[in-house]
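Work through the exercises below with the coordinates open, and try each task before reading its solution.

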Amino acid sequence: MSEVVQAGLWGLLAGSALLLGAGLGYGLRVPQKVIATVMAFGAGVLLSAVSFELVGEAYDEAGIVPAAIGTLVGAMAYTAGNLWLAGRGARHRKRSGGHPTQSQPSEDQQGGSGMALALGALLDGIPESAVIGVSLLEGGAVSLVTVAAVFISNVPEGLSSSAGMKRAGRGKGYVFGVWAAIAAASTVSAVLGYTVVGAFSPAVIAAVTALAAGAILAMVADTMIPEAFQDAHLAIGLITVCGFLVSFALSHA
């Protein structure tokens with residue numbers, strides 16, 4: 001099997017976790033504290049993966065300057081896109097809707113918010129998937145830790161966001177259509193990460209890896225952590241650390 005096909009399949013696998021989470025969030029009435037728990041765990045998993053698999057790899061490959069610049073640029077690019085989408089109804093796209101002031105708007109409340117939510121989900125998913133393809137450039141084998149981290153974190157993302165979409169009155173076709181499209185985009189993004197980025201020098205690859213890391217860090221801080229701590233109980237911090245340690249153990253296995 002060619003490495004291009006492998007990149008696409010790994011991206012599809014990671015993206016399919018969004019559909020799994022969507023099924024749980026839309027089909028079941030999941031308690032807010034459970035949603036907060038799984039979101040905190042997913043945030044911990046991604047924080048660890050970013051630290052040891054992405055920024056760490058970028059630093060080892062090219063040094064502190066490309067790693068730092070890439071991380072900052074990625075965070076700024078994500079933040080700029082997020083600010084634009086926030087004004088169009090996608091500010092709380094990962095919220096499950098437990099609080100009226102922090103819930104997703106319906107289309108009647110804000111026209112065009114459905115498209116903004118879909119674009120927001122795409123913005124969140126592209127960096128994660130692209131880095132899966134980039135990881136194949138290192139030794140011809142995908143980083144299973146990166147795939148596992150993205151898969152594990154995508155389940156609570158899909159769960160929480162889909163619960164919020166349902167509360168906002170969006171139908172099953174819209175909800176699952178969005179996540180199916182994001183899963184498909186994850187496949188394409190992983191392929192492009194492998195084919196396009198692979199043509200560049202190691203320093204540029206390191207910078208692109210760091211760029212994805214910065215975008216993921218900004219996404220975790222802006223969308224996942226607020227949802228996790230919205231209905232926090234005393235164990236939320238511990239659960240986040242557990243997610244971090246699971247990802248850390250996988251990266252050093």
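**Exercise 1: the nonpolar core**

Task: identify which residues have the most contacts inside the largest nonpolar core, and which helix gives the most to this core.

Solution. The largest nonpolar core, meaning buried Ala, Val, Leu, Ile, Met, Phe, Trp, Tyr and Cys residues joined through side-chain atoms within 4.5 Å, has 20 residues, and those with the most contacts inside it are Leu-46, Leu-54, Ile-216, Met-219, Val-220 and Met-224. At least two of its residues come from each of helix 2 (32-62), helix 7 (202-230) and helix 8 (236-251), where helices are DSSP runs of H or I with at least four residues, numbered from the N terminus. Helix 7 gives the most, with nine residues.

The model is predicted, so local features need pLDDT of at least 70 and side-chain atom pairs count only at pLDDT 80 or more, whereas totals for chains, interfaces and linings use all residues. Residues are numbered from 1 along each chain as its sequence is written, and side-chain values use heavy atoms, with hydrogens and water left out.

**Exercise 2: an aromatic pair**

Task: classify the pair formed by Tyr-26 and Phe-176, and state whether each residue is buried or partly exposed.

Solution. Rings of Phe, Tyr and Trp (its six-membered ring) pair if their centres lie within 6.5 Å, with planes under 30 degrees apart counted as stacked, over 60 as edge-to-face and the rest as tilted. Here the centres are 5.9 Å apart and the planes at 70°, so the pair is edge-to-face. Tyr-26 is in helix 1 (residues 3-27) and Phe-176 in helix 6 (residues 172-195), 150 residues apart. With buried meaning under 20% relative accessible area, exposed over 50% and partly exposed in between (1.4 Å probe, protein chains only), Tyr-26 is buried at 15%, and Phe-176 is partly exposed at 26%.
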